[in-house]
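Let's walk through this model together, one helix at a time, with a stop at a pocket and a few aromatic rings along the way. Please keep the viewer open as you read.

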Amino acid sequence: MEMSFAQVTRVVPVAVIGSGYVGLVAAACLAEIGHEVVCVDVDQARIELLQSGGVPIFEEGLDALLARHRGQRLRFSCNLAEAVRFAEVILIAVGTPQSPTGEADLSQVESAVISICPGLDSYKVLIEKSTVPVLTSQWIARTLRLNGASAKSFDVVSNPEFLREGSAITDFLYPDRIVVGADTERSRKLLHELYQPLIDGSYYRRADRVDGPADLSGGVYYIETSTNSAELIKQASNAFLALKVSFINAVSNLCERVNTDVEEVARGIGADRRIGSRFLRAGIGYGGSCFPKDIRAFGKVAEAVGYNFDLLKCIEQINEDQQTGFLKKLRTALWSLKDKHIAVLGLAFKHGTDDIRESPAITMIRKILAEGSRVSIFDPAAMNNCRAILPESAQLRYAVDEYDAANGAHALVILTEWPQFSNLDLARLHQSMRYPIMIDGRNLYSLAKMSAAGFYYYSVGRPSAEPLPEAHAFAEDNSAMMENGLLNHSLTA
Ligand code: UGA
């Protein structure tokens with residue numbers, strides 16, 4: 001549907017149910033583009049924190065956006081009934097954790113939907129924003145009707161989010177596309193009004209806009225589909241991105257075997273615009289609250305409708321193997337992990353977040369500890385979250401910074417691609433570490449730089465590097481290395 005360029009935005013009253021990651025970002029961004037938003041949660045302590053200016057999650061730019069709109073176009077409440085009566089659009093952004101059998105557990109969605117029912121006193125659109133399997137919209141509509149809502153009082157729309165932790169605000173405001181799955185004209189029109197400032201580009205021409213990565217003043221790519229298609233788009237998108245990561249990780253294993261560099265190979269592949277260069281960074285495997293859970297849930301959806309989607313199992317298997325392979329690399333570099341001191345940089349599942357859910361770094365630390373090493377760890381954001389699941393002990397120490405972690409260590413392991421980890425003072429590290437060994441799960445350094453700095457350097461999908469002869473001489477002076485006979489052993493990654 002074509003709309004005129006400078007259409008005036010209608011302020012839409014919005015209720016966002018759930019003040020978690022997706023809910024908070026959506027609430028802040030919808031207020032930012034001009035709507036009146038109330039964000040509701042059953043967790044009273046969380047709502048009080050938000051009301052008093054606190055921000056319960058770490059996300060770049062979120063605190064500034066909340067501060068800008070809190071108490072004006074954005075408020076927080078525990079009163080769901082009032083919020084539903086106030087709103088024309090209700091966003092459901094509650095958790096959809098994984099059930100023990102791998103399917104998405106939709107019980108929070110169901111109970112949110114049931115509690116919305118009594119407030120449906122006039123026509124409202126329910127937007128399903130949580131990551132859910134295909135056909136969920138139909139279940140939501142059915143649940144509403146079973147709980148007494150008249151079919152005319154609502155429509156259910158699937159409007160999946162494609163937010164990445166760490167860049168969620170700009171992902172919301174500067175999306176590659178907005179996907180709206182709606183089965184009625186009335187709900188399509190309301191969603192169009194909701195996103196009008198992004199569709200007509202007027203938001204991007206505002207002087208006080210949040211700056212973003214692209215010039216979208218001509219408007220965003222807005223895609224209208226059926227609800228079922230929108231739900232599939234979300235699950236298939238995540239599966240495809242995870243496929244890219246697993247694909248390049250599989251290629252990285254080949255690169256190691258033929259002594260070439262996956263970074264070069266990825267550049268060559270990604271230059272083909274049909275493939276694209278993003279999500280082709282080899283590493284220690286994907287993690288986080290989305291990919292692992294969503295891929296399993298997608299597989300379950302396929303199974304439920306009688307399709308054998310084995311490719312999804314391969315994506316998962318490669319991801320697991322990548323982590324096992326990395327640990328093997330550590331063993332090869334150090335010969336044995338028993339009684340070694342390993343410094344670990346990075347706990348979050350990726351940089352820019354404090355999230356450690358399904359983080360490959362946590363799996364790796366547990367395995368290193370299980371092999372009898374002492375570990376000192378540092379992460380600029382995720383230390384507190386980590387303490388809750390891996391308490392400090394004689395085996396595990398939380399360091400104050402990278403250099404404190406590395407002090408006296410037999411090896412330094414990089415597990416998260418925080419930009420500050422790619423700028424370490426290598427001379428200082430070299431001097432303070434017991435062995436100059438770095439095992440880099442994120443390919444943050446060039447081989448030449450590490451050789452020149454006197455390191456034994458192992459990364460992913462690239463040849464290993466050894467100290468240059470002059471640096472080597474320096475390394476050989478390191479009496480600890482001589483004592484342990486490490487230099488007599490051939491080290492291949
Ligand atoms: C992902 C998707 O990228 C979002 O589009 C989606 O909205 C979100 O899931 C969701 O479903 O809510 P996110 O989990 O925040 O976002 O993280 P990504 O940036 O996608 O990274 C996922 C994992 O893949 C991380 O562990 C990351 O380190 C890894 N990765 C990513 C690689 O190993 N290599 C790459 O090239 C890219």
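Helix α12 covers residues 291–304, and its 14 residues should span 20 Å at 1.5 Å a residue; the end C-alpha atoms are 20 Å apart, which agrees. The expected span here is 1.5 Å times one less than the number of residues, and helices are DSSP runs of H or I with at least four residues, numbered from the N terminus. The model is a predicted one, in which local features need pLDDT of at least 70 and side-chain atom pairs count only at pLDDT 80 or more, while totals for chains, interfaces and linings use all residues. Residues are numbered from 1 along each chain as its sequence is written, and side-chain values use heavy atoms, with hydrogens and water left out.

How many of the 14 residues of α12 are buried? The count is 10, so to speak of this helix as mostly covered is fair, given that buried means under 20% relative accessible area, exposed over 50% and partly exposed in between, with a 1.4 Å probe and protein chains only. Among the buried residues are F291, P292, I295, F298 and V301. The buried residues of α12 pack against α10 (227–257) and α13 (310–334), where contact means heavy atoms within 4.5 Å. After the helix comes G306, with a positive phi near 85°.

One of those partners, α13, has 25 residues and reaches 37 Å from its first C-alpha to its last, close to the 36 Å expected at 1.5 Å a residue. Its buried residues include L312, I315, N319, F326 and L330. Just after α13, W335 takes a positive phi of about 75°.

Now to the pocket. The second largest pocket has a volume of about 310 Å³. Of the 14 residues that line this pocket, N253, E256, G325, K328 and K329 are the closest to its centre. Both α10 and α13 give two or more residues to the lining, and the largest share, 7 residues, comes from α13. A pocket is an open set of points on a 1 Å grid over the protein atoms alone, where a 1.4 Å probe fits and protein lies on both sides within 12 Å along at least five of seven lines; lining residues have an atom within 4 Å of a point. The volume is the space filled by probe spheres set on the points, which are joined across faces, edges and corners. The lining divides into 3 nonpolar, 7 polar and 4 charged residues, with Ala, Val, Leu, Ile, Met, Phe, Trp, Tyr, Cys and Pro as nonpolar, Asp, Glu, Lys and Arg as charged, and the others, Gly among them, as polar.

Aromatic rings come next. The whole structure holds 8 aromatic pairs; rings of Phe, Tyr and Trp (its six-membered ring) pair if their centres lie within 6.5 Å, with planes under 30 degrees apart stacked, over 60 edge-to-face and the rest tilted. F172 and Y195 form a tilted pair, 6.4 Å centre to centre with 40° between the planes. F172 lies in α7 (residues 168–173) and Y195 in the loop between α8 (185–194) and α9 (196–199), so the pair ties together parts that are 23 residues apart in sequence. F172 counts as buried at 7% relative accessibility, and Y195 is buried at 4%. Y307 and F309 form an edge-to-face pair, 5.7 Å centre to centre with 65° between the planes. Here Y307 counts as exposed at 53%, whereas F309 is partly exposed at 27%.
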